[in-house]
Amino acid sequence: LEKIVAECRRNEAGGVHRFSIVTAGRSLKGMELEQALEAYARLHRESGLKLCASHGLQTEEEFRRMKEAGVERCHANLETSRRYFPQMCTTHTYEDKVTNIQRARAAGLEVCSGGILGMGESWEDRLDLAVSLAELEISSIPLNLLRPIPGTPYEGMEPISNEDVLRTVAFFRYINPTAWIRMAAGRGQFLDGGAELFRSGANAAITGDMLTTTGTSMAGDRAMLLGLGYQV
């Protein structure tokens, strides 16, 4: 708990607006859930940041308890198109993802949902993901760029080109005109933290270290966005 609180304070001091706790695994249950709720309640009392939760598949009651503890938004990526999803995930279904989003909303939470680009999906898959998110009226859409990491199933995947990423960001913006298109992992393949991305339609970012890769610095992101004329 003390480590979580310290990390939250470090991010708040760096000027971020939201702080998310992310866990690995299918869902949080039992003592792990209680520990997360305790952390959210304390962060809600002691910080001015908006809180997000990323814990996999939860029940409506569990989502409601998170909201009561101070969580504002649930993170639940669709990851890719309905058609391509079985090629990348076998532990649960695309419909499980959609139902999870609906449960979070029923509990009164906002939803952040996006996906990963560069897993071997087609252009049609990317378009379908953008349309599905529009149909679900998702207000925050994180886009991650796959980084082939040794020892993972996608270690030999050829990274998606910068040009293809920029095209994808542009049509995500076109299809979801009022959403926050939030660049997340993988921006390191662009120079200067990916300024091009924020000229192509992105207007939000996840900053700092990611789950399995090093991210971009908070200070660097702030300087880049201010330089582009954004209000941060």
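Okay, let's start at β7 and β8: these two strands run parallel, and two bridges join them. The partner of R182 across that pairing is A204 in β8. One thing to keep in mind for the whole talk is that this is a predicted model.

Now look at the other neighbour of β7. Strand β6, residues 140-145, pairs with β7, residues 180-183, through four bridges, and again the two run parallel. Here R182 turns up once more, as the bridge partner of P142. How does the chain get from β6 to β7? It goes through helix α7, residues 162-175, and this β-α-β crossover is right-handed.

While we're on β7, have a look at I181. Leaving out anything up to four places away in sequence, I181 touches I141, L143, V169, F172, R173, N176, G201, A202, N203 and A204. Some of those names come back when we ask about the core. Which residues of the largest nonpolar core touch the most other members? The core has 57 residues, and the ones in question are Y40, L78, I141, V169, F172, I181 and L197. As for which element gives the most to this core, that's α2, with six residues.

So let's go and see α2, which brings us to the start of the chain. Strand β1, residues 18-22, and strand β2, residues 50-54, run parallel and are joined by five bridges. If you want one pair to find on the screen, take F19 in β1 with L51 in β2. Between the two strands the chain passes through α2, residues 30-46, in another β-α-β crossover that is right-handed.

β1 is also nice for looking at faces. F19 and I21 make up its covered face, while R18, S20 and V22 sit on the uncovered one. That's a pattern you'll know: in a regular strand, side chains alternate between the two faces of the sheet.

Carry on past β2 and you reach a loop, and L57 is in it, ahead of α3. Buried or exposed, then, for L57? Its relative accessibility is 14%, and the cut-off for buried is under 20%, so L57 counts as buried. What's around it? Setting aside residues up to four places away, L57 touches R26, S27, H92, D96, N100 and R103. The last of those, R103, is 46 residues from L57 along the chain, yet their C-alpha atoms are separated by 9.4 Å.

Next comes α3 itself, residues 60-68. Its buried residues are E62, F63 and M66. Why do they line one face of the helix? Because, looking down the axis of α3, they fall within an arc of 100 degrees. And what do they pack against? That would be α2, β2, β3 (71-75) and α5 (94-106). Just after the helix there's G70, with a positive phi of about 120 degrees.

Last stop, and the one I think you'll enjoy as biochemists: E121. You'll find E121 in the loop between β5 (115-117) and α6 (123-135). E121 has a relative accessible area of 7%, so this glutamate is buried. What does its side chain do in there? One polar atom of the E121 side chain lies 2.7 Å from the backbone nitrogen of M119. There's also a polar contact of 2.9 Å between the side chains of E121 and R126. Beyond its neighbours within four places in sequence, E121 is in contact with T80, Y84, I116 and R126.

Now swing over to the arginine. R126 is in helix α6, and with a relative accessibility of 8% R126 counts as buried too. Its contacts, leaving aside neighbours within four places, are L117, E121, I160, D164, T168, F171 and F172.

That list takes us to F171, which is in helix α7, the helix of the crossover from β6 to β7. F171 has 16% relative accessibility, so F171 counts as buried. Again leaving aside neighbours within four places, F171 is in contact with W123, R126, L127 and A130. Compare that with M218: 47 residues along the chain from F171, and their C-alpha atoms are separated by 27 Å.

So if you rotate the model yourselves afterwards, find the E121 and R126 side chains with their 2.9 Å polar contact, then step from R126 to F171. That's me done, happy to take questions.

Note on methods
Residues are numbered from 1 along each chain as its sequence is written. This is a predicted model: local features need pLDDT of at least 70, side-chain atom pairs count only at pLDDT 80 or more; totals for chains, interfaces and linings use all residues. Side-chain values use heavy atoms; hydrogens and water are left out. Buried means under 20% relative accessible area, exposed over 50%, partly exposed in between (1.4 Å probe, protein chains only). A polar contact is a pair of N or O atoms within 3.5 Å; within protein, one must be able to donate a hydrogen and the other to accept it, and residues adjacent in sequence count only if both atoms are side-chain atoms. Contact means heavy atoms within 4.5 Å. Two strands pair if DSSP finds at least two bridges between them. A crossover is right-handed if, with the strands pointing away from the viewer, the path from the first strand over the helix to the second runs clockwise. The arc is that of the directions from the helix axis to the C-beta atoms. A nonpolar core is a set of buried Ala, Val, Leu, Ile, Met, Phe, Trp, Tyr and Cys residues joined through side-chain atoms within 4.5 Å.
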